[in-house]
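The following paragraphs lead the reader through a structure, beginning with a single contact and moving outward from there. Please keep the sequence and the model in view while reading.

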Amino acid sequence: MKQIHVDSIIEVVRNICQEANFYLGDDVQRALEESLKIEESPTGKTIIEQILENAEIARKHRVPMCQDTGAAVFFVELGQEAQVVGGDFTEAINEGVRQGYREGYLRKSMVNDPLMDRKNTQDNTPAIIHTRVVPGDKLKITFAPKGGGSENMSVVRMMKPADGVEGVRDFVVDWVKRSGGNPCPPIIVGVGIGGTFEKCAELAKISLLRELGRLNADPRFASLEKQLKEEINDLGIGPMGLGGRVTALAVHIETHPCHIASLPVAVNIQCHAARHKSVTL
Amino acid sequence: MSRKVRLNTPLKEEKVTSLRAGDEVLLNGTIYTGRDAAHQRLLDLLEKGKELPFDVKGQIIYYVGPSPAKPGTPIGSCGPTTSYRMDSYAPALMKIGLKGMIGKGPRGKEVVEAMKRYKAVYFAAVGGAAALIARSVKSSRIVAYENLGTEAIRELEVEDFPVIVANDVLGNDLYEEGIRKYSRRK
């Protein structure tokens, strides 16, 4: 059995926390550059230009592209033939976050208690960790910091199977319309359909990790993604909600089988600072 | 047609009333930061009839929680946070002389009405353009509530801080007008 020491986990987590926040992904960069050609609103163009210039500054000076460096969300795939040794796995991730956020001058945005104290934990822990056991002996860690502005504009609805494709489409488009300029458009719209209440929310978030421009492998859902993107961009919300042609850079749908009585749908909105970084040990 | 304007703080009433939704503005001078927790404290003081930690007359509050400053720099990345969370506090501050707010996202009806009544404006900064905005901040000093960390009230000296007038004193709302203009939906 392959052994992975917690010290190496701490080290990679410390690094990806910083890299994800300093460097905008090539796919998002390309999508923003493309959107500049489509945008007709002068204000919208100014905004997209500022976003691109901002990414450049962040990259060059190794500073966070957005001051909201997020809740530290992790997706972990642990190979069943790998063994974590030398300490507690969860604590290793948290220690990596602690070190990464301190070293990288990243903002600490977590409070200890959601309702009563709301005292900042000062080190951005605890991380939110989703772990899956998979075949093999590798450990894949994906870090996807999530800012509050776009996370707040997210929703789960338990729809009726009778609502069908049209019902889901209307729900997603209406939800984006209601969110308007709040989640920092241009946005990426993550949609989870099926599973259960909690599963569809996870699917929506996982969909945001997909490379921009890649469609769902099922042609029916790929076509729904294209249709939703068009309808959302017809809303005219535009960059930062001040009007324009570019509201969504992409719509990503992930699905899962579900109960005969159910049609759970989740929308997780991602701002243009779409950050994620993976590493495999 | 939107205009490009350079403005100095504190804002004079005639300057504020001449601004129109859509104008691109470069702000210069002193501005103050404050977000959720700081607003709650300011309103608690007002309710008790106590003095605020800074005089809001003619001033601008920027809704921001900066990331920590790297050594040798005045501030970390500092883009706007979503403004609607401050909607319930904003009218009371305009009533005592606040002339401008900087944030992102649309404001509620009561805030838009208060801007008309008290002659104040709302500027939109580009959410996520936090590293770019940081370059226009020349100095930063904590004025109050240091224990709130990123949420403390700071006095910033800014040079050509780029913003867009989203709401003016006439009740014009760029969020509504802009979306109406580009919507292809019936």
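Where two helices of chain A meet, five residues of H6(A), namely A:Val165, A:Arg169, A:Val172, A:Val173 and A:Val176, come into contact with A:Leu224, A:Gln227, A:Leu228, A:Glu231 and A:Ile232 of H8(A). The model in which these contacts are found is a predicted one. Helix H6 of chain A comprises residues 164-179 and helix H8 of chain A residues 219-233; their axes lie 10 Å apart and the helices pack at an angle of about 40°. An angle of about 40° is above the 35 degrees under which a pair counts as roughly parallel, and H6(A) is therefore oblique to H8(A). The crossing in which H6(A) passes H8(A) is right-handed.

From the helices one may turn to a sheet in the same chain. Four strands of chain A form an open sheet with mixed pairing, in the order E4-E2-E5-E10. Strand E4 (128-134) and strand E10 (277-280) of chain A have a single partner strand each and stand at the edges, so one side of each is left without a neighbour in the sheet. From one strand to the next, the twist averages 15°.

Which strand pairs with E10(A) in the antiparallel sense? The partner is strand E5 of chain A, residues 139-143, and the pairing extends over four bridges. Within this part of the sheet, A:Ile141 stands opposite A:Val279, a residue of E10(A).

These elements belong to a chain that has eight helices and ten strands. The radius of gyration of chain A is 19 Å, close to the 19 Å that the globule rule gives for 281 residues, so chain A is as compact as a globular protein of that length. The C-alpha trace of chain A spans about 55 × 50 × 40 Å along its principal axes. Of the 281 residues in chain A, 47% count as buried. Among the contacts in chain A with a separation of 6 or more, 82% are accounted for by residues 24 or more positions apart.

The last step leads to the second chain. Contacts between the two chains involve 43 residues of chain B and 41 residues of chain A. On the side of chain B that touches chain A, at least two residues each are supplied by helix H5 (130-134), strand E7 (153-167) and helix H6 (174-182) of chain B. H6(B) gives the most to that side, with seven residues.

Key:
Residues numbered from 1 in each chain as written. Chains lettered and ligands numbered in written order. Predicted model: local features only at pLDDT ≥ 70, side-chain atom pairs only at ≥ 80, totals over all residues. Pairing = 2+ DSSP bridges. Axes fitted to C-alpha atoms, helices over the stretch in contact; angles between N-to-C directions. Rg over C-alpha atoms; globule rule 2.2 N^0.38 Å. Buried ≥ 20, exposed ≤ 12 C-beta atoms within 10 Å, placed from the backbone. Contact = placed C-beta atoms within 7 Å. Parallel < 35°, antiparallel > 145°, perpendicular 65-115°, else oblique. Left-handed = near helix turned anticlockwise from the far one by under 90°.
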